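The following note collects points on the model under review, in numbered form. Each point concerns one element, one residue or the chain as a whole.

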Amino acid sequence: HRCVLHIKNEHRRVSSAGVDKWHRLDVLEMSESAAAAPTAADAAAAPAAAPAAAAQDLYAVLGCAKGDDAPVITKRYRKLALKYHPDRNRGEGQEEAAEKFRAVSDAYAVLSDPNRRRQYDLHGSTTDEASNTHAFESVDVKSQSWATRFLLAQVSKIGIPVPTTVAADVLSTACELSSDIASVPLLIPGAAQRGTVKIGSAAFFRVTISNSMQERGLLLAASSKRRNDKFRILVFDGKGNIRRQAESLQPEDKKRPPRCRLFVVPVPTLLVGAPFPAAQENLPPVCAALDTMEERAAMAPPFDATGDVLVAFYSDNLLSSLEYTLACAPAVLDEGRLEALEASAAGLRERKEALQAFGERFSTQFDDYVAKKAALDEAEARLRALQDEARTQAEENSKARSVHADAERGLLDAAFAECAA
């Protein structure tokens, strides 16, 4: 299955390149000399040209925080791109500036794409492998053939998650609707919206942000009918960029349908995604149950202004359309509920630490077991060899006794024969 996903990598690069291009339309407004933000194809042509990004966190490369929105990241990128662009750094220090420019560009290539940024936030690190920009490319379901989607669905069924991306045409539609948001259906707080969404498509709605919602935030919840459905909720900014997103989760109770919750609130929250298989094959699956837990920074204020905000229900299904229910409500941030939320988050953090410690203990004991089992196997092999030798010794002993008995019998026969004579 890993080989299958690797074979489809080129197709994923092509689809993600379209997403990258759309997300860089605003970057092209900067001066021509600093408009060289790399696309996925450019990064593929120079896979080894990101030493700075490979040595540290991509957010640190751009000098921004993990919770910063897309406009902040773009602003930081523009400033650093202008500072380190080769045209502005001639002579001494040119090579160092070129390396920093490439590092900044590679970091922006990941963080400017909401899909790749999402993958980086969940599974990225400061290692060379994790900092490779192509490590966070997902599958554009809409661009795949039915046979490919069927194969990916089988991979997903055996427990290997298939990362999916928001289709480029959906992002383009969000950009267009943001400029004409009055034409989008209204999602009334407390009133559920139901409908059907096709593969790789989205249902768009607008939510009117009141003064209290601007201060306290907005809660969104969605569900579907079939247990194997995959979907996500998207919240966009005024330019149509994804501001927040959350993916669906399958409950432990197999009789309950999948659900998705997205909180846009002025307090830190936790988001637990679908678990990936444990990195070490010998570890039990529970060790990776909370690896996808994501710390969501507080959004203060949750919204910059009152008015309409674009939201969407997006289908990540691989084979079929899905029927959904989407609802929203203003956040109620009383002290008791906030304390309960923080207590539950602290409990999840403790559980993650406990699982990490348990995984280390399990791995240590498993290694000890493997070593001792290998020693036991060697001892059993030596014992079996000795047992075989014991049987050989018994056969040789039996032969020697038989020869000795024959000799004694010959001596007796000769003695009695002489007496008889």
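1. In this predicted model, helix α6 (residues 70–84) packs against helix α7 (residues 94–111) at an angle of about 160 degrees. The axes of the two helices are 9 Å apart. Since angles over 145 degrees count as roughly antiparallel, α6 and α7 are therefore roughly antiparallel to each other. The crossing in which α6 passes α7 is left-handed.

2. Which residues form the contact of α6 with α7? On the α6 side they are I73, T74, Y77, L80, A81 and Y84. Their counterparts in α7 are A97, K100, F101, V104, S105, Y108 and L111. Sorted by class, this contact has 10 nonpolar, 2 polar and 1 charged residues.

3. A81 deserves a separate remark. This residue lies in helix α6, and its relative accessibility is 0%, so A81 counts as buried. A81 is also among the α6 residues that meet α7. Between A81 and R102 the C-alpha to C-alpha distance is 9.0 Å, with their positions 21 residues apart in sequence.

4. For the chain as a whole, the secondary structure comes to 13 helices and 10 strands. The protein has 421 residues, and buried residues make up 38% of them. Of the contacts with a separation of 6 or more, 76% are accounted for by residues 24 or more positions apart.

5. Is R149 buried or exposed? R149 sits in helix α10 (residues 146–157). Its relative accessible area is 13%, which is under the 20% limit, and R149 is therefore buried. A polar atom of the R149 side chain lies 2.8 Å from the backbone oxygen of L318. Leaving aside residues up to four places away in sequence, R149 touches V141, Q144, I199, L318 and L319. L318 thus appears both in the list of residues touched by R149 and as the owner of the backbone oxygen just described.

6. A second arginine, R232, is placed in strand β4 (residues 231–236). With 1% relative accessibility, R232 counts as buried. What do the polar atoms of its side chain approach? One partner is the backbone oxygen of T164, which lies 2.9 Å from a polar atom of the R232 side chain. Another is the side chain of Q245, joined to that of R232 by a polar contact of 2.8 Å.

7. F313 belongs to strand β9 (residues 307–315) and is buried, with a relative accessible area of 0%. Not counting residues up to four places away in sequence, F313 touches V197, S201, A202, A203, A222, F231, R232, L322, Y324 and L326. R232, the arginine placed in β4, is therefore one of the residues in contact with F313, as contact means heavy atoms within 4.5 Å. F231 is another: F313 and F231 are 82 residues apart in sequence, yet their C-alpha atoms are 7.3 Å apart in space.

8. Strand β9 also contains G307. How exposed is G307? Its relative accessible area is 24%, and G307 is partly exposed, whereas F313 in that strand is buried. G307 touches V207, T208 and I209, again not counting residues up to four places away in sequence. The C-alpha atoms of G307 and N211 are separated by 9.1 Å, and these two residues are 96 residues apart along the chain.

Methods: Residues numbered from 1 in each chain as written. Predicted model: local features only at pLDDT ≥ 70, side-chain atom pairs only at ≥ 80, totals over all residues. Heavy atoms only, no water. Helix = DSSP H or I, 4+ residues; strand = E, 2+ residues; numbered from the N terminus. Buried < 20%, exposed > 50% of the residue type's maximum accessible area, 1.4 Å probe, protein only. Polar contact = N/O pair within 3.5 Å; in protein donor to acceptor, adjacent residues only side chain to side chain. Axes fitted to C-alpha atoms, helices over the stretch in contact; angles between N-to-C directions. Parallel < 35°, antiparallel > 145°, perpendicular 65-115°, else oblique. Left-handed = near helix turned anticlockwise from the far one by under 90°. Nonpolar A, V, L, I, M, F, W, Y, C, P; charged D, E, K, R; others polar.
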